[in-house]
Structure formats: structure tokens, C-alpha cells
Amino acid sequence: MKKTLIRILSYCRPYAGYLVLTILCTLVGTSLSLAAPILIGEAVDAAVGQGNVDFAALGRIALILAVTVLVSGLFQWLAGLCINRLAFGTVRDLRAELTAKLGKVPLRYIDGNARGDLIARVIPDIETISDGLLQGFAQLFTGVVTIIGTLAFMLTLNVKIAVLVVLMTPLSLFAAAKITSMSHSSFQKQSVLRGEMGGLTEEMIGSQKVVSAFAYEDRAMERFAKLNRELGQAGVRATFFSSMTNPTTRFVNGLIYAAVGTVGALGSIGAISWIGVMSVGRLASFLAYSNQYTKPFNEISGVVAELQNAVSCAQRVFAVLDTPSEPDDSHLAAVENCRGELSFSHVHFSYTPERRLIEDFSMHAAAGQRTAIVGPTGCGKSTIINLLLRFYELNQGEITLDGIPTTELTRDSLRSQFGMVLQETWIFTGTVAENIAYGKPDATREEIEAAARAVYAHGFIKRLPNGYDTVISDTSGLSQGQKQLLCIARIMLTSPPMLILDEATSSIDLRTEHRIQRAFEKLMQGRTSFIIAHRLSTIRSADHILVMRDGNIVEQGSHDVLMKENGFYAQLYRSQFAN
């Protein structure tokens, strides 16, 4: 916990000026507020005794008290303003760093964590850090200054009673520390369960059609109810212990206040000689200071409870920030004038150590060659593409582009050489034109429309309310086929030297598919292309076909050669046309 707090405070360095101003304003504001009990005590002494009221003194004291309170309030307001600037600036930087980090971590990390959990770390967890740690700092510092200041004033009024107050203070601290230690584990569990619930909710809402199609609603609700129940139990336990802190310390502080009042009153009337006689006004001032002295312990105990929750959230945020990023490759060579000759040499890869996938995989694709990859689901077809683009690193072996290992090339330049259309569509919130020009932001409207015409998307785009300026999103009502046409138009616009088509026409009707196939034929001319398709009729024109099973190439050759061999490929092909 200590290391986490220190690390959070390190993010405050750019805003050290606000921190200094907060401390100064708090010191001035708190010091002035501590002068109020002395003035009140003097006012009481000026009004004690029948017919013995010093109205002139009361007026002067009232004026000084009013000015003191107003100036104290002004400085405390300035302290709050500065700490808010500090807090909001710090969490803004932290959230920006976390968001940037998520763009640098390996894809393996993103795939291994629930999307909702990652979103929870970026938004609610950081807000909790702001509320619990940074903004709680003002209360914490004000409380410490108040404790020291009130103790100093009490010592000037009556040393013996002040010592009595100090001796009873550990009771309050012990009660707060004991309860805080019991609540920490509950807050940790609460933050973890909150992330899991966010992940489940995002998954169920994002896949609502699939959930409904498979009548999974009841089971989804059971999973949600179980998580909700566990979160509720952890939350109740954490809230119970944290809420017990304040009333427990208030009870102990009440005992201290009663003891001070009793001993001070008995001393004032001479019943306890060793205490020393105090005037009624001084006793009133001492009681006010005693109350001010114990009050910060209540506030600090409340801040500590929030700190427990904030530290748990900070640990989740730092867990992402501490995840190793993809190695910096800015010193590597950038791909220029790519021919498109690709080779896999004795490649080994698995997503998890206990489950082997690709073993000793080798292949060669000549520049301009069309290579089709076929095989049953889970055989490693899409994994080949992930390795080709370095979304995942090899366990063993080597991939080369134009004879250069891809590990010696920058990832950005390597990926820029590929145009990729997947079965899963990528539609972003923005206009149709912006979606098509995503890979080429400086494209002209004429180029965008030409790309859309090439994939037969121009017709349905013109029928949209604002044509190419219609704002769309992944949930804007476009059909899956229309979304896929826009994704294909992106590739047409960028015209990269190499293509990857992974079930690129799976959501398009047959008539449009035939048209797009002709467009693809034109686009693939002279470009190295990788085609993954379950409909084997779409890959008959490929120069080379790789047949995969269990991560290995079991057959390869042209369509005619593979059909003559009457092997696994021939079985797959005939099975699609069987009655």
C-alpha cells in the first residue's frame, strides 16, 4: 500500500505548484480557524457576571472574529480549488498514460483480459483514485495541521489537561487502525469483482444477438446474479467496516470531550487543585480546541476508508501500466519498395504453453503469388495471419519478407504493406467517407467514391440520408454485408502491395460476391495475396493452396493437382457439394 501511495504521488510532480499552494492556503486557513476559539473565550469572559458585560470589547471581538472567519474561509476555498486542479490534472495524465499503454501492450494481453474489465480500469477505477487519494489529501493535510495547531493552543491554555487529551488519543487511533485493516481485503475483492462484472456485462450486451439466438438469457442472468451476489457481499462487508470507523472514533472522541469538560470544570471551581483554575472563557476555548482536536481523527478515519478502496483500484491500474509493452522497434529498418516475397521457416507457435498449435511450419510465397489457406476450424489458418503481421511473436522459427526477417523490420512499416479484410467488420463512429478513408485520411472525395464504386457499395451509400456524409457506427443499422463492403472499399482505396482476405465475402449475397470477386481479381494482379475461405469454390483460381490440419501443412498445390491426389482437400471440396 505504501509503494502504491508513493507512486500515485509521483504523478503529482508536474503540478507541484498547486500542491505548494494547497499547503500554504491550508496552513493559513486552518491557522485562522484555530484563532476563533480564543476569540470566543475572550467574548465569554467579557460577558460573565450580572451587569458586568463589556459591550465595547464584545463588539471589537465580534468584528475580529467575523474577519477571521471570512479570511479563513477564503483560504480554505483556495486550497480546495488548488487540490482540485492537482487531482484532475493528475488523473488526466494517469488516464492518458493508461490509454496509451493499452495501445502498446501485446495483443496477447488484450485477448487475455475481458474488455469490460479493461474499460473499468480506465474510467471508474481512475475516478476512484481521484476521489479517494488525491482529493482526500486536502482533508488529510487539514486534519494533521488542525491536530498540531489545536494541541499547541491547548498546551498554552492548560498543560495538564492537554496531556490528558493526548494520553487518551491512542484509543481513537487504535480503533480506526483495527477497523481499517479489516476492510482492506474486502475493498480489494470488491474492485476485482467489479471488473469481472464489467467484463461480463460488456460481453453480454455486445453479443446480445448471439445471447438471444441461443436462448442464453437465463444462464447469463445466473452468471450475473452470482457475480452480483458476491460483489454485494464484498461491498456490504467493506462498507460495514468502513462505516464503523467514523462512529467508533466519534464515540471515543466523545469520551475524551466529556473527560476534558468534567476535569476542566472541576478545576475551574477549585475541586481539583492540581489542575489549576481557569476562567469560564478559557474553559470554553479549551473545550472548543478539544473538539477541534478530536474532529480530524473522525475525518482522517473516513479518508482512510476511501484510501483502501482507492489503493485497490490503483493497484489494478498499475498492473496494466507494469505489463511489458511490445519492444521498441524504432531503431529497426522500415519496409520500402516491398516486392512481397514471404517465407515461413520452421515456425512453432502456441497461444498457451499447454496447448500446442503450429509446429515446424514452413512455406514460401513468391512475389505476386496468390496463396489460399484452407482447412477445418481451429487448424491455424487465422493464426498464420496473426504471425505474419506480428500480432503475436513466434515461439521458434523465422518469417522473412523479401529475404529480411520480419523481426528486423518495424511493425508499423510491416503492417502498412498489407491490406486486410476479415470476416469481422470494423466500422467506427464517423461518416461513411471517413470510414472508407480510415487508412488514407488525405484521400479525396473522388478517390473515396471510386473505391466504393469498385466494390459496388456506391449504390447503397447514395441511398443513405446524407450519402457519404452520413454518420454511421457499428450499431447504426447497416447490414453485415454493407459493413463488409465498406471494409473492402478501404482496401481498394489504400491499394497495398500485399493482401489478406480472411472470409472477406462471407456476409455478401452471391450476386454481389461475384462482382467483388472480379474487383478482387483486378486488385490482386501483381500483388502477393493470402486468401482464407471456407467456400472452396472461391479459391479455385489461387496459384497455390495450402491445406492445413492441426497446425501443419498436410497438402499443397494447385486446385487441379490436389483434386487429382484425391486426399484431404478433395474430401473437403466434395463435402461442400454433397447432397
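**Exercise 1. Place L24 and describe its surroundings.**

L24 is found in helix 2 (residues 16-46). Helices here are DSSP runs of H or I with at least four residues, strands are runs of E with at least two, and both are numbered from the N terminus. The model is predicted: local features need pLDDT of at least 70, side-chain atom pairs count only at pLDDT 80 or more, and totals for chains, interfaces and linings use all residues. Residues are numbered from 1 along each chain as its sequence is written, and side-chain values use heavy atoms, leaving out hydrogens and water.

Step 1. Is L24 buried or exposed? L24 is partly exposed, because its relative accessible area is 47%. Buried means under 20%, exposed over 50%, and partly exposed in between (1.4 Å probe, protein chains only).

Step 2. Which residues form the nonpolar patch? They are V20, L21, L24, L27 and V28, with about 390 Å² of accessible area together. Patch residues have over 30% relative accessible area and no salt bridge; nonpolar side chains (Val, Leu, Ile, Met, Phe, Trp, Tyr) are joined within 5 Å, like charges within 9 Å. A salt bridge is a side-chain nitrogen of Lys or Arg within 4 Å of a carboxyl oxygen of Asp or Glu. Areas come from the Shrake-Rupley method with a 1.4 Å probe; for residues, only the protein chains shown count as cover.

**Exercise 2. Trace the open sheet of four strands.**

Step 1. The order is 2-1-4-5, with antiparallel pairing. Two strands pair if DSSP finds at least two bridges between them.

Step 2. Strand 2 (358-365) and strand 5 (404-405) are the edges, each pairing on one side only.

Step 3. Strand 1 and strand 4 share five bridges. One partnership joins L342 to L401 in strand 4.

Step 4. L401 also has I404 in strand 5 as a bridge partner. Strand 4 (residues 396-401) and strand 5 pair over two bridges.

Step 5. Two residues lie between these strands in their hairpin, where D402 takes a positive phi near 55°.

**Exercise 3. Work through the hairpin of strand 11 and strand 12.**

Step 1. Strand 11 (residues 544-549) and strand 12 (residues 552-557) are antiparallel, with five bridges.

Step 2. M548 has I553 in strand 12 as its bridge partner.

Step 3. Two residues separate the strands, and D550 takes a positive phi near 55°.
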